[in-house]
Amino acid sequence: AVAGSLTNTAETAVLEELFNTSGVYTTPFKCALVTVIGTDSAAGTECTGGSYARQTISFAAASGGSITTNADLTFTSMPACTVVGVDIFDSNGSPVRVAWASLAANKTVGAGDTLVIPTGSLTVTLD
């Protein structure tokens, strides 16, 4: 058997098709904050309470096998919790989870706080 990987060019094309075109998934994509990280096969535990709501996420053009956000993600009136990562869903009536990530460092927020993931701080890569 021979094992291989997609080239960066192919990875970039796949990411562009997934996130920046009207393809298989219903756009816009939504970013969810999680208090327990998920896996490739299981969603994390999403934040609940306060005025927390998933935020619309948009991406710049893919490059080098990665794609990065092109706008701040601002979550207002958060519940008191510790955020450990994100899940990214499409906007289907029954949203489909398409990606997940751990934060570089957990973020503890108090009730009513605002949490911002700055532009360019969330990157999705093919692995």
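**Note on strand pairing, core and cysteines**

1. Strands S6 and S7 run antiparallel and are joined by eight bridges. The model is a predicted one, and the points below should be read with that in mind. Within this pairing, isoleucine 88 has alanine 99 of S7 as its bridge partner. S6 is also a mostly covered strand, since eight of its nine residues are buried.

2. On S6 there is a further pairing, with S1, which again runs antiparallel and comprises five bridges. Two of the facing positions can be named here: cysteine 31 lies opposite isoleucine 88 in S6, and alanine 32 lies opposite aspartate 87 in S6. Isoleucine 88 therefore deserves a look from both sides, as it faces cysteine 31 and has alanine 99 in S7 as a bridge partner.

3. S1 pairs with two short strands as well. Three bridges connect S1 with strand S3 (residues 55-57) in an antiparallel arrangement, where lysine 30 stands opposite threonine 56. Two bridges connect S1 with strand S2 (residues 45-46), also antiparallel, and there valine 34 stands opposite glutamate 46.

4. The largest nonpolar core holds 27 residues, and those touching the most other members are Phe19, Leu33, Phe75, Met78, Ile88 and Leu122. At least two core residues come from each of helix H1 (8-19) and strands S1 (29-36), S5 (73-75), S6 (81-89), S7 (97-109) and S8 (115-117). S6 gives the largest share, five residues.

5. Phenylalanine 75 merits a separate comment. Leaving aside residues up to four places away in sequence, its contacts are Cys31, Leu33, Tyr52, Ala53, Arg54, Gln55, Asp113, Thr114, Leu115 and Ile117. Among these, Leu33 is, like Phe75, one of the core residues that touch the most other members.

6. Which cysteine sulfur is nearest to that of cysteine 47, and how far away is it? The nearest is the sulfur of cysteine 81, at 3.7 Å, and cysteine 47 is in no disulfide. Because a disulfide requires sulfur atoms within 2.5 Å, the 3.7 Å between the sulfurs of cysteine 81 and cysteine 47 is too far for a bond. A search of the whole structure likewise finds zero disulfides. Both residues count as buried, cysteine 47 at 3% relative accessibility and cysteine 81 at 15%.

Technical notes:
Residues numbered from 1 in each chain as written. Predicted model: local features only at pLDDT ≥ 70, side-chain atom pairs only at ≥ 80, totals over all residues. Heavy atoms only, no water. Core = buried A, V, L, I, M, F, W, Y, C linked by side-chain atoms within 4.5 Å. Buried < 20%, exposed > 50% of the residue type's maximum accessible area, 1.4 Å probe, protein only. Helix = DSSP H or I, 4+ residues; strand = E, 2+ residues; numbered from the N terminus. Contact = heavy atoms within 4.5 Å. Pairing = 2+ DSSP bridges.
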